[in-house]
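Reader: I've got a model open and a few labels I'd like to see justified. Can we go through them one at a time?

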Number of protein chains: 2
Amino acid sequence: MLESAEIEHSVSKAQYKRALPDLRDKLLNAQYDLFRSGRGPVIVLLSGVEGAGRSETANHLTEWMDPRHIRVVAFGEPTGDEASRPLAWRYWQAMPPKGRLGIFMNGWYTECLAVHQDSEIGDGALEGRLHAIRRYERMLMDEGAVLLKFWIHLSKAQQKQRLEELDSDPQKTWRVTKRDWKAYRIYNKAHAFWEHLLRETSAEAPWVVVPGADEQYRHLTVGRAVLAGLEAAAQASRARPKKALAARVTTSAAELPDRTKLIRDLDFRRRLSEAAYSEQLDLWQGRLAEHTHAKRFRRHSLVLVFEGVDAAGKGGAIRRVTGALDARQYVTVPVSAPTDEEKAHPYLWRFWRHVPPLGGIRIFDRSWYGRVLVERVEGFAAPADWMRAYSEINQFEDQLVQAGTVLVKFWLQVSKEEQLRRFKAREHTSFKRFKITPDDWRNRKKWDDYELAVCEMVERTSTEIASWTLVEADDKRYARIKVLQTIVERLDRALAR
Amino acid sequence: MLESAEIEHSVSKAQYKRALPDLRDKLLNAQYDLFRSGRGPVIVLLSGVEGAGRSETANHLTEWMDPRHIRVVAFGEPTGDEASRPLAWRYWQAMPPKGRLGIFMNGWYTECLAVHQDSEIGDGALEGRLHAIRRYERMLMDEGAVLLKFWIHLSKAQQKQRLEELDSDPQKTWRVTKRDWKAYRIYNKAHAFWEHLLRETSAEAPWVVVPGADEQYRHLTVGRAVLAGLEAAAQASRARPKKALAARVTTSAAELPDRTKLIRDLDFRRRLSEAAYSEQLDLWQGRLAEHTHAKRFRRHSLVLVFEGVDAAGKGGAIRRVTGALDARQYVTVPVSAPTDEEKAHPYLWRFWRHVPPLGGIRIFDRSWYGRVLVERVEGFAAPADWMRAYSEINQFEDQLVQAGTVLVKFWLQVSKEEQLRRFKAREHTSFKRFKITPDDWRNRKKWDDYELAVCEMVERTSTEIASWTLVEADDKRYARIKVLQTIVERLDRALAR
């Protein structure tokens, strides 16, 4: 992929001067169209050979357009808050909202490129990383982002010439660091790696290789490609059929029993006496407190997901968990309607915001599973969107677990009769009335659809590393103890390792 | 303040049971009224003697109300991202938006209480901290927050009894830590400190001392006070006269020359030749690069504020600064309309979000001074709000500088004639047309009002630690070099220390 970029490419000063006003004009207009359309975002990823002039090109782009709508970001050694969270966290944090342009220096290739340079990454780890990158880019594009990846290239001779030019100018020598010369010395070895990297990550979001030796050629080429990308983003149609298709994937009552066996087989008669409950509550709360205060816990974090049918007792279960925790360690994250900042980002962004650092605990009262539950059943998300959510969620949870998170997911289920009983009781207790809304009654009518969505969710996202625990919740005492015990047992295993 | 709380207070189980349904009912309604009103937020700060049952009370509050609109937060040892920023940063991050309820365990008193326990704080430092707390609470209240501060108290005998009870129950002994017993041992010494702390921070946001020995008494007392606070918050009127008063504070042309001498005395003829510019640009960029790469810089951070009249060349000056920086270190923060999350928080919240960690650089393209410039002149902020902004800003900047930030603030000024020339030039260059809007022409008509606002801003916020640099910007080359040189010289001084 790189040979042709090593041949001389150039644009004369006169050509450049002639071309520029028109290009700037169009870039600006396209940037405003993008902003007004609220589509995108457009991500310009600038990578390439050290000394090839990425920063200058980024500076030109911000000069040519309105810098107030551009976010330029680069990533160094992970800082404290970055290092104690999954690798991808900082890339999620830096993502610009829809309508904006992001210029990412190396972006999520930072680790691959840096680690390779220090020869510390094994082939297996590299392939795993490239695979994660492909899935991340796929997700971004599915969410409407336009990715423009540029590899600014120099041949070995060109790199040497460039570094020497800078180094010999006493006013500019500060631009050349030891790191640059080190990069030059391993050029040949790196070249094969770059070829591999570009090939392996070009299938869906292809790299554009830009010859970097001639400054004007480089600026114009990138500028024109960014223009094309901006125009494509602003014009892209995100309109997708919603309700119509959603209906098609709900199922007929006849095939339900088989596909919802998981829930129908639950034994709702399980019960715990008050005495047994009180004793076990103290027992499991004590062990939970021990675990979360243990020194070893600082190398982990704990993420609890609480989902369940209406009136299943999520709140009560959560309070029995937090009753055993140090308030300094945990945060409860109630998930309701997204804010406008959240709506302007890919779906999972609002959950990535709350990923805990090592030693931290986050309790999600409802979660990222909303997409394959309520959004699916109510038709708020297009089928294409909630269907791809399963694998995006699996990938998200995989990243959490790899970073040391103990992830425990609960589905609290009550029988249809018990739910009715609780709804009615809530209507009769004035201070519980807020817990029962017309929505609850509406959801109840869709009981079968929800049951199907839940079973499919559990099937598709109960992975080895992040299994679901189904909790029979007709008896609140039984349910609370099962929740506590499950968390403690998962911590037993994780901390023993 | 504490004696009366050490006397026996109690509520019988029967009384408690009778009172509860009504209280819960009212609490819920008040919570929803607050949510709908979009006022507040209401901050419940729970502090007090170790073992007095703060956590249980917090748990009850979340059980009695809708936990989805409550944020419970507690603060431990500062984590990596917290430790590398000003002390107050984490309290700003944790602030719930308007319409919500926050329960803060110890809140911004965490350091005072912890540090005192470890006897590491001097009297001077303590008084400084208490002063900062008073100003912070004043600001929160001015922004519409309702503060409810509870000191849950126990006498020494009560504390001992409570700890012993828990410790002797094999199932509950985990609730008692070494820290609790340590707190007990220094009770007498602490008692005097608590009295001082409560007295010194009660003038504007008074503490409510709650006897903690009887659980039911404690829950009911806090619950009722929270109810009163919620009701007060939802009903508070935030309506303030805006435009009318704003007009009163603009000034007559006659008194202008004197009050805007600062700007009128600037020498706009200062110029730099192209040759001198090119040489000095390399020089100062080189020194800036050196400074920001230096090891000593990691104990500092750099915050640059760029304000100026329209068309003064802020963008160009910023690009000459970023041209010398490593993209991994800096982030440019363009300040435009706030998002809805930002609008739901106190004014400075949106800037606290971007406070850099040690070693980081943030460049603000417009800033928190918007309140005393455009918001003042256009009447977007009530006079009471922009007038108090001066001291809030000074406090904010003081906190930055104390945490190691080098803060450099630029006001770029062009003469009225030069601005006109640039406006016209922009209208004739198609790709610069985005830089000139009807707003710019409107602002120009208010030239005198802005001049006055700028001079007052400089006077009131050019403090010893955070002085303004006025930049004569009729010649862009001169202005850019002055900006770079000023930054370098400020870093010279800071890093030499």
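Author: Sure. Domain bounds here come from an automatic or database domain assignment, and chain A is divided that way into domain 1 (3–235) and domain 2 (244–496). Keep in mind that this is a predicted model.

Reader: How far apart are the centres of domain 1 of chain A and domain 2 of chain A?

Author: Taken over C-alpha atoms, the two centres are 40 Å apart. The domains do touch: 15 residues of domain 1 of chain A and 17 residues of domain 2 of chain A take part in the contact.

Reader: Which helices of chain A each supply at least two residues on the domain 1 side?

Author: Those are α5 (89–94) and α7 (123–142) of chain A. The largest share comes from α7(A), with four residues. By class, that side of domain 1 of chain A has eight nonpolar, one polar and six charged residues.

Reader: Now the chains. What makes A and B count as being in contact?

Author: The test is C-beta atoms within 7 Å. By that test, 49 residues of chain B are in contact with 47 residues of chain A. Elements giving two or more residues to the chain B side include α1 (13–37), α2 (54–64), β2 (70–74) and α14 (274–293) of chain B. That side splits into 19 nonpolar, 16 polar and 14 charged residues.

Reader: How do you know what kind of axis relates the two copies?

Author: Superposing chain B on chain A takes a rotation of 180° with 0.0 Å of shift along its axis, at an RMSD of 0.0 Å. The copies are therefore related as by a two-fold rotation axis. The same surface serves both, with 96% of the contact residues of chain B recurring in chain A.

Reader: Back to β2(B). Why is it called largely enclosed?

Author: A residue is buried if 20 or more other C-beta atoms lie within 10 Å of its own. Five of the five residues of β2(B) are buried, so the strand is largely enclosed by the rest of the structure.

Reader: Which residues of β2(B) point which way?

Author: B:Ile70, B:Val72 and B:Ala74 point one way, B:Arg71 and B:Val73 the other, and all are buried. In a regular strand, side chains alternate between the two faces of the sheet.

Reader: And what makes β2(B) and β3 of chain B a pair?

Author: Pairing needs at least two DSSP bridges. Five bridges join β2(B) to β3 (residues 101–105) of chain B, and the strands run parallel. For one of the residues, B:Val73, the bridge partner in β3(B) is B:Phe104.

Definitions and conventions: Residues are numbered from 1 along each chain as its sequence is written. Chains are lettered from A and ligands numbered from 1 in the order in which they are written. This is a predicted model: local features need pLDDT of at least 70, side-chain atom pairs count only at pLDDT 80 or more; totals for chains, interfaces and linings use all residues. Two residues are in contact if their C-beta atoms, placed from the backbone, lie within 7 Å. Ala, Val, Leu, Ile, Met, Phe, Trp, Tyr, Cys and Pro count as nonpolar, Asp, Glu, Lys and Arg as charged, and the others, Gly among them, as polar. A residue is buried if 20 or more other C-beta atoms lie within 10 Å of its own, exposed if 12 or fewer, and partly exposed in between; C-beta atoms are placed from the backbone. Copies are superposed by least squares on the C-alpha atoms of residues with pLDDT of at least 70 in both.
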